[in-house]
Amino acid sequence: MRGFYIVGGYPDRESFRKCLNALAEAGFEFIEIGIPFSEPVADGPVIASAIHEAVTKGVDIEAIMADVRQMKQKYPSVCATVMTYANIIHGYGEKKFSEDFGDILSGVIIPDLPARMHYWMKEKGLTIPVIPFVTPVSRDEDIEAIKDTDAPFVYYISIMGVTGSDRQGTQNDRAELAKKLTGKTVVTGFGIRTPEDASKAIAATGGFVIGTEVVKRQGNFDEFSKYIADFR
């Protein structure tokens, strides 16, 4: 399962649309769209800077999701997910977010919402699956708790740090256990930069997602296109 993360509305709406559709046209299985938030705690400097620029320019959820909807109409088989923070969804309204976007989103990634708190948003009306995280230090009981997830995949954070870190990703039995218990593909994120990294991740867990290296090129479509072509 091959995926890429791009920042919604960055560096402008037209550039975002071009990158979004290029990923879908290239045949990658899923696209993770970042909804900008003023305090992106999980993101390293490259993505944080892009998010800050998007926020400063006044990007909004409705515009981002309208572009995602257009993409889905043309490429309905693409698994579209969003990555954002709990306050964004809570402020929009969990039920309204689900009603407005549930037909085009396969899942939401909420890095500041622990798995044990997923029920809280569901009780407030969020019906879109919340994609759970597993890390190299996840406890057995933490992984056991996500075994019945309705998400399309499990996200394995291969390093202890933020996106774009220079640290080498770690593969261990946590990802393997998550795959066994959930029966889902485990997508490795953080620290994936090259086709070689991606191949190792697919062999180890079944999937990968790349963020920082893609966002670096989001403002230059030619460079963006060349980069993603190496992962087909």
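A residue is called buried when its relative accessible area is under 20%, exposed when that area is over 50%, and partly exposed in between, computed with a 1.4 Å probe on protein chains only. The structure is a predicted model, in which local features need pLDDT of at least 70 and side-chain atom pairs count only at pLDDT 80 or more, while totals for chains, interfaces and linings use all residues. Residues are numbered from 1 along each chain as its sequence is written, and side-chain values use heavy atoms, with hydrogens and water left out.

**Exercise 1. Decide whether I210 is buried or exposed, and find what it touches.**

Step 1. Locate the residue: I210 lies in strand β8, where strands (E, at least two residues) and helices (H or I, at least four residues) are DSSP runs, numbered from the N terminus.

Step 2. Apply the cut-off: the relative accessible area of I210 is 1%, and therefore I210 is buried.

Step 3. List the contacts, meaning heavy atoms within 4.5 Å: not counting residues up to four places away in sequence, I210 touches G3, F4, Y5, I192, Y227 and F231.

Step 4. Compare with S15, which lies in helix α1 (residues 13-25): with a relative accessible area of 19%, S15 is buried, and, leaving aside neighbours within four places in sequence, S15 is in contact with Y10 and Q218.

**Exercise 2. Work out in what order the strands of the open sheet lie, and which strands form its edges.**

Step 1. Two strands pair if DSSP finds at least two bridges between them. The open sheet has eight strands with parallel pairing, in the order β4-β3-β2-β1-β8-β7-β6-β5.

Step 2. β4 and β5 (133-134) are the edge strands, since each pairs on one side only.

Step 3. Look at β2 (residues 30-34) and its partners: β1 and β2 pair in the parallel sense over five bridges, with V7 opposite G34 in β2.

Step 4. Follow the chain between these two strands: it passes from β1 through α1 to β2, and this β-α-β crossover is right-handed, a term used if, with the strands pointing away from the viewer, the path from the first strand over the helix to the second runs clockwise.

Step 5. Turn to the pairing with β3: five bridges join β2 to β3, which run parallel, and here G34 stands opposite M83, while the bridge partner of I31 in β3 is A80.

Step 6. Check the burial of β2: five of its five residues are buried, so the strand is largely enclosed by the rest of the structure. F30, E32 and G34 point one way from β2, whereas I31 and I33 point the other way, and all are buried.

**Exercise 3. Explain why the buried residues of helix α5 lie on the same side, and then treat α9 likewise.**

Step 1. An α-helix has 3.6 residues a turn, so residues three or four places apart point the same way.

Step 2. In α5 (residues 94-101), the residues E94, F97, S98 and F101 are buried. Because they cover an arc of only 95 degrees around the axis, they are on the same side of α5; the arc is that of the directions from the helix axis to the C-beta atoms.

Step 3. On the other side of α5, K95 and E99 are exposed, while the cover over the buried residues includes α3 (61-74), β3 (79-83), α4 (86-92), β4 (107-109) and α6 (118-123).

Step 4. In α9 (residues 195-205), D197, A198, A201 and T205 are buried, and they lie on the same side of α9 because their arc covers only 95 degrees around the axis.

Step 5. The face of α9 turned away from its buried side carries the exposed residues E196, K200 and A203, whereas the buried residues pack against α8 (173-182), β7 (185-189) and β8.

Step 6. Look just past the helix end: directly after α9, G206 takes a positive phi of about 105 degrees.

**Exercise 4. Classify the ring pair formed by F4 and F208.**

Step 1. Rings of Phe, Tyr and Trp (its six-membered ring) pair if their centres lie within 6.5 Å, and planes under 30 degrees apart count as stacked, over 60 as edge-to-face and the rest as tilted. The structure holds 13 such aromatic pairs.

Step 2. The ring centres of F4 and F208 are 5.9 Å apart and the planes stand at 90 degrees, so this pair is edge-to-face.

Step 3. The pair links distant parts of the chain, since F4 is in strand β1 (residues 2-7) and F208 in strand β8 (residues 206-210), 204 residues apart.

Step 4. F4 is buried at a relative accessible area of 0%, and F208 counts as buried at 1%.

Step 5. Ring pairs link F4, F28, F208, Y227 and F231 into a cluster.
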